[in-house]
Amino acid sequence: MDHQQLALVVRYAHVAAMAAAFGGALLVTWLAWRLPRDRVVDVAVRYEQLFWLAAGVLVMTGVGNLGAFGAALPAPGSAWGRTFIAKLVLIALLLIVSLPRSLAVLRAAARPAAPARLRPIYTTTAAILAGIAALAVGLAHG
């Protein structure tokens, strides 16, 4: 496999992982607003497993993309560079809020009577992922 083919596979893996993370967050958010909490917790636990797998793939492929295109990327002070920095900040925010979210879901699964605010935590996750996706589209086309 040559360099261009590998770079294409890495980009596809990056997009697929984002689709899984964002689509899953939208699904759990939608379910959390429509179903009783006890019916959503099992789906949320599965999503947490998917999310952390996708997050690992996103980080690895993101670094791979930077390695593949690093020398040709615009400077950090450019509009593209500032958008990229904003994306990195949102990614950091996503990871910061994801650990407490995962712990809350695991706690809710272990203790069904424990309160869990699934609606706001998944709505926040989906909103942050939407922001990251919007910035990524802007970077790809800008």
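These are my notebook entries on a predicted protein model.

**Entry 1: the overall plan**

I began with the secondary structure. I found four helices and zero strands in the protein. Reading along the sequence, I wrote the pattern down as α-α-α-α. Next I looked up the extent of the C-alpha trace, which spans about 55 × 35 × 20 Å along its principal axes.

**Entry 2: inside and outside**

What share of the 142 residues is buried? I noted 32% for the protein. I then turned to the surface, where the protein exposes about 8,400 Å². Carbon and sulfur atoms supply 72% of that exposed area.

I also looked at contacts between residues at least 6 apart in sequence. Of these, 80% join residues at least 24 apart.

**Entry 3: charges**

How many positive and negative side chains does the protein have? My tally reads 12 positive and 4 negative. The centres of the two sets lie 10 Å apart.

**Entry 4: a nonpolar patch**

Which residues make the nonpolar surface patch? I listed Trp52, Leu95, Leu99, Leu103 and Leu106. Together they make a patch of about 450 Å². I checked which helix gives the most to this patch, and it is helix H3, residues 79-110, with four residues. Leu106 is one patch member that I located in helix H3.

**Entry 5: Glu48**

Glu48 caught my eye next, and I found its place in helix H2, which covers residues 37-69. Is Glu48 buried or exposed? Its relative accessible area is 5%, so Glu48 counts as buried, the cut-off being under 20%.

I then looked up what surrounds this side chain. Setting aside neighbours within four places in sequence, Glu48 is in contact with Ser98, Arg101, Ser102, Val105 and Tyr122. I pencilled in Arg101 as one of these partners, to find again in the 3D view.

**Entry 6: Val10**

My last stop was Val10, which lies in helix H1, residues 3-34. Which residues does Val10 touch, not counting those up to four places away in sequence? I wrote down Thr61, Gly64 and Asn65.

I also looked up a pair that includes this residue: Val10 and Leu66 are 56 residues apart along the chain. Their C-alpha atoms are separated by 11 Å.

**Recap for my own use**

I have a predicted model with four helices, a nonpolar surface patch that includes Trp52, a buried Glu48 in contact with residues including Tyr122, and a Val10 that touches Gly64 among others.

Key. Residues numbered from 1 in each chain as written. Predicted model: local features only at pLDDT ≥ 70, side-chain atom pairs only at ≥ 80, totals over all residues. Heavy atoms only, no water. Helix = DSSP H or I, 4+ residues; strand = E, 2+ residues; numbered from the N terminus. Buried < 20%, exposed > 50% of the residue type's maximum accessible area, 1.4 Å probe, protein only. Contact = heavy atoms within 4.5 Å. Areas by Shrake-Rupley, 256 points an atom, 1.4 Å probe, with all protein chains shown as cover. Lys, Arg positive; Asp, Glu negative; His and termini not counted. Charge placed at Lys NZ, Arg CZ, Asp CG, Glu CD. Patch = residues over 30% accessible without salt bridge, like charges linked within 9 Å, V, L, I, M, F, W, Y side chains within 5 Å. Salt bridge = Lys/Arg side-chain N within 4 Å of Asp/Glu carboxyl O.
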